[in-house]
Amino acid sequence: MLRGFLVLVLFFLLGEALQKVFLIPVSGGVLGMMLMTLTLMFKGGISDDLASASQGLISVLVLLIMPGVVGVFFTADQFAGQWLAVAAALLGGTFLSVLSTLWLMSRVVRLGGGKGE
Amino acid sequence: MNDWYSRLLSLPETLSASPALAIGLTFGAFFAGNAVFRRIGRPLWLPPVVLSAVLLAAVVALLGMDYKAYQQGAHWLTVLLGPATVALGIPLYQQMHHIRALWRPILVTLPIAATLAAVYALVIAWSLGATPEVLASLAPKSVTAPIAIGITQQLGGSVPLMMGGLLITGVVATLFVDLAARWLAISDDRILGFALGLNGHAVGTARAFEISPTAGAFASLGMGLTGVFTALILPLVFHL
């Protein structure tokens with residue numbers, strides 16, 4: 001599992017390095033994720049170590065974003081004065097975009113793009 | 001006698017010099033939030049992340065701990081977000097056959113849906129008189145945190161406001177996907193997962209992994225693609 005964790009950290013560092021050197025406007029983590037998928041597709045298999053390390057990290061994803069989440073309660077005064085616009089944009093905007101995504105995707109899938117279950 | 005008492009009272013401050021307290025509090029709140037969530041019957045409208053965050057904020061405030069001090073300690077956990085993002089590439093690979101079967105709908109849906117996710121919010125906020133700074137903070141609301149921070153800074157927004165919007169978006173997107181799925185009678189895990197990741201970034205992806213590994217993989221894909229697409233397009237669109 002630690003060996004798998006090392007692989008994840010290395011890919012992350014590789015992504016960060018690429019991002020810093022080539023000034024790519026995408027975070028090192030996402031670059032690392034794409035490199036990881038491509039590498040696995042190329043290799044055509046995955047070690048147990050890597051599978052268990054990634055499963056472990058994914059299952060605590062919520063734990064990792066919590067420190068950022070808690071900030072909302074301590075920076076709430078930044079919403080002051082504009083809270084109506086912010087709340088309407090977040091709630092209304094997200095509602096509309098969720099509906100659009102689901103509708104659009106299910107529509108395109110039904111049109112015959114997605115063969116094979 | 002008074003000495004040890006005053007030392008006891010200043011303990012939160014003394015202990016927050018090391019990250020152990022912040023990490024311990026975060027772990028504690030995470031498990032407590034999950035326990036409360038199970039106890040009250042797993043309501044969809046109140047996900048564990050919100051319960052845990054409320055608990056954590058309450059404890060930090062009660063201890064009289066400075067939020068900055070907490071944030072510094074908890075930074076140790078946030079560092080793991082990088083490798084965790086890389087870890088999302090693994091379910092992506094394992095579910096590649098599902099993704100291959102659906103590449104066309106994904107390619108059609110992604111640019112439209114990711115653009116709409118930002119545009120709806122911007123139009124609503126703008127029509128209600130939000131300042132350019134607030135608009136810049138709301139624009140990346142559906143993008144995963146590490147990428148969104150970069151976008152907001154580039155556009156001249158406020159990072160704490162963006163993080164708040166990000167969380168609220170993640171939670172309500174999770175709710176709305178569950179509701180809308182019933183409403184539109186969609187039960188395809190691949191579509192639900194994709195919508196969760198595209199609109200609700202990491203919060204939606206965490207929820208998608210609760211539905212099924214397939215939903216989780218599509219959420220990772222939706223989150224990653226939305227992040228990349230938005231990071232490339234938004235700075236161009238925003239200045240128009």
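## Exercises on cavities and the interface of chains A and B

A search of the whole structure, which is a predicted model, finds three cavities of 30 Å³ or more.

**Exercise 1.** Determine the volume of the largest cavity, identify the residues that line it, and state which helices contribute to that lining.

*Solution.* Begin with the volume, which comes to about 70 Å³ for the largest cavity. Next, list the lining, which consists of Ala114(B), Thr115(B), Ala118(B), Val119(B), Phe229(B), Thr230(B), Ile233(B), Leu234(B) and Val237(B). Then assign these residues to secondary structure: helix H9 (103-127) and helix H14 (213-238) of chain B each supply at least two of them, and H14(B) gives the most, with five residues. Finally, sort the lining by class, which yields seven nonpolar residues, two polar ones and no charged ones.

**Exercise 2.** Carry out the analysis for the second largest cavity, establishing its volume, its lining residues and the helices that supply them.

*Solution.* The volume of the second largest cavity is about 50 Å³. Its lining draws on both chains, with Leu61(A) and Ile65(A) from chain A, and with Leu81(B), Thr85(B), Leu88(B), Thr144(B), Ala145(B), Pro146(B), Ala202(B) and Met223(B) from chain B. In terms of helices, H4 (61-74) of chain A, together with H6 (81-87) and H11 (145-155) of chain B, each provide at least two lining residues. Sorting by class gives eight nonpolar and two polar residues, with no charged residue in the lining of this second largest cavity.

**Exercise 3.** Describe the interface of chain B and chain A, working from the residues in contact and the buried area to the polar contacts across it.

*Solution.* Start by counting contacts, which involve 93 residues of chain B and 72 residues of chain A. The two chains bury about 7300 Å² between them, and 84% of this area lies on carbon and sulfur atoms. Of the area that chain B buries against chain A, 9% is supplied by Val86(B), Ile90(B) and Tyr93(B), more than by any other three residues. Turning to specific interactions across the interface, the rule finds zero salt bridges, while seven residue pairs are in polar contact, both residues of each pair being at pLDDT 80 or more. On the side of chain B that touches chain A, the largest share, 15 residues, comes from helix H12 (residues 159-183) of chain B. As a last step, divide the residues of that side by class, which gives 71 nonpolar, 18 polar and four charged.

How values were computed. Residues numbered from 1 in each chain as written. Chains lettered and ligands numbered in written order. Predicted model: local features only at pLDDT ≥ 70, side-chain atom pairs only at ≥ 80, totals over all residues. Heavy atoms only, no water. Contact = heavy atoms within 4.5 Å. Buried area = accessible area lost by both parts, 1.4 Å probe. Salt bridge = Lys/Arg side-chain N within 4 Å of Asp/Glu carboxyl O. Polar contact = N/O pair within 3.5 Å; in protein donor to acceptor, adjacent residues only side chain to side chain. Helix = DSSP H or I, 4+ residues; strand = E, 2+ residues; numbered from the N terminus. Nonpolar A, V, L, I, M, F, W, Y, C, P; charged D, E, K, R; others polar. 1 Å grid on protein atoms, 1.4 Å probe; cavity = no way out; pocket = protein on both sides within 12 Å on 5 of 7 lines; lining within 4 Å. Points joined across faces, edges and corners; volume = space filled by probe spheres on them.
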